[in-house]
Amino acid sequence: MEHDVSYVRTEMVNAQAAPASERGVVKWLRENLVATPMDAILTIISIALLVYFLPSALRWLFIDAQWSGSDRSFCATVAQGGAQPDGWSGACWAFVKAKYEQFLFGRYTISERWRVVLVGAMFVALFVPLLIPRAPYKLANAFLLFVVLPIVSFFLLVGGYFGLPRVETQLWGGLMVTLVLSFVAIAVSLPLGILLALGRRSDMPVIKMFSVIFIETVRGVPLVTVLFMASVMLPLFLPAGVTFDKFLRALIGVALFAAAYMAEVVRGGLQAIPKGQYEGADSLGLSYWQKTGLIVLPQALKLVIPGIVNTFIGIFKDTSLVYIIGMFDLLGIIRQNFADATWATAQTPMTGLIFAGFVFWVFCFGMSRYSIYMERRLDTGYRR
């Protein structure tokens, strides 16, 4: 018996383009701006605010701004054709241009600033390959960055050895102090935070009690208090004639403060690991440190990448608080220069603060984007 198979397709239909509403800009606008009535209302309000504020902001920041000059007189006058009110000019970027070396180096000896530049170049040369997953020799790279570079940087930045003039840390300032404080605090807080998190989950009562007391004590006080204690109160408890550098005290204070917060982030990751992972490691006969280092910690740290980076960003921004103990980071050195009568205008403070905010935003945004990249690469629950 023969069957009619004329209805069976022998050739595949050519692929057709998706409807216009499901591709390109139209799709993005529909999904992100007007997906729901509430989204549409918020989009309209946002556009209205941008139309109202953005033109005047751009005019103040760029069009009516003064980009060059040698003193306040260049920033105290309205730009030609400016639409600002009488007596009001745009941003005083000439102030930033005139002071940018101080913003970078503080009062570091001018003839020795090549040492700071050299340390920065070495840091970039070692740090960038560490961020690239396919770059080889990761272990050697990490050793050079976290062990060798700090030692070399100490001799270069402080001086007093190998014929280099000594530059006291009281002369350090600007972005240099911000980066040194944040790098050391980040490099110290992560391993110390891991140890504190493991200690808080330890079965040994003494270690657990010490970890809990340290974490809860440090987290219970603001960073300003920690810096004040390290800078002012600590010398009172030291033997007569015994002291150490104020900058080192600030480094220790910031690092310990960050480690307490990092410990809780890591502990959250440890608690998220299923019990079966611990039991499986025990069934293989692994020791505590083998189980922790090879099975538990890699999974825990992968889960808390957003929390770790969030703590790093907080550390970077909190370095500005060292201003309270007489040290001038980027924000502190900018605020100090507001008192310069040569540049005393109504626009100078706002311009300086916007510049500082932009620099902080660039570094924090970079850390945030790299965090997202690592989440995608490690597939820590990230979905497009």
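**Rings, a disulfide and a bent helix**

Modeller: In this predicted model, the charged end of Arg219 lies over the ring of Tyr261, 5.9 Å from the ring's centre.

Biologist: What makes the charged end of Arg219 count as close enough to the ring of Tyr261 to sit over it?

Modeller: The limit for CZ of Arg is within 6 Å of the ring centre, and the value for Arg219 and Tyr261 is 5.9 Å.

Biologist: Why is the pair of Phe123 and Phe183 called edge-to-face?

Modeller: Planes over 60 degrees apart count as edge-to-face. The planes of Phe123 and Phe183 stand at 80 degrees, with the centres 5.1 Å apart. Phe123 belongs to helix H4 (residues 113-131) and Phe183 to helix H6, so the pair ties together parts that are 60 residues apart in sequence.

Biologist: Why is the pair of Phe154 and Tyr161 called tilted?

Modeller: The angle between their planes is 45 degrees, whereas stacked requires under 30 and edge-to-face over 60; therefore the pair is tilted. Their centres are 6.5 Å apart.

Biologist: Are Phe154 and Tyr161 buried, exposed or partly exposed?

Modeller: Buried means under 20% and exposed over 50%. Phe154 has a relative accessible area of 41%, so Phe154 is partly exposed. Tyr161, at 39%, is partly exposed as well.

Biologist: How many aromatic pairs does the whole structure hold?

Modeller: The search finds 24. In addition, Phe95, Phe103, Phe338, Trp343 and Phe355 make up one aromatic cluster.

Biologist: How do you know that Cys75 and Cys92 form a disulfide?

Modeller: Their sulfur atoms are 1.9 Å apart, and the cut-off is within 2.5 Å; therefore the two cysteines qualify as a disulfide. The count by this rule is 1 disulfide. The link is right-handed, with 70 degrees about the S-S bond. Cys75 and Cys92 both lie in the loop between helix H2 (37-63) and helix H3 (93-105), so the pair ties together parts that are 17 residues apart in sequence. Cys75 and Cys92 are buried.

Biologist: Why is Cys364 called buried?

Modeller: Its relative accessible area is 10%, and the limit is under 20%, so Cys364 counts as buried.

Biologist: Where does helix H11 bend, and which proline follows?

Modeller: Helix H11 bends by about 45 degrees at Val296, and Pro298 follows within four residues. The helix, residues 288-303, spans 21 Å from its first C-alpha to its last, close to the 22 Å expected.

Biologist: What covers the buried residues of H11?

Modeller: The buried residues are Lys291, Thr292, Ile295, Val296, Leu297 and Ala300. Their cover includes helices H6 (175-200), H9 (246-272) and H10 (275-283).

Terms used: Residues numbered from 1 in each chain as written. Predicted model: local features only at pLDDT ≥ 70, side-chain atom pairs only at ≥ 80, totals over all residues. Heavy atoms only, no water. Helix = DSSP H or I, 4+ residues; strand = E, 2+ residues; numbered from the N terminus. Expected span 1.5 Å × (residues − 1). Bend = angle between axes of the 7 residues up to and from the residue. Buried < 20%, exposed > 50% of the residue type's maximum accessible area, 1.4 Å probe, protein only. Contact = heavy atoms within 4.5 Å. Phe/Tyr/Trp six-rings, centres within 6.5 Å; stacked < 30°, edge-to-face > 60°. Lys NZ or Arg CZ within 6 Å of the ring centre and 35° of its normal.
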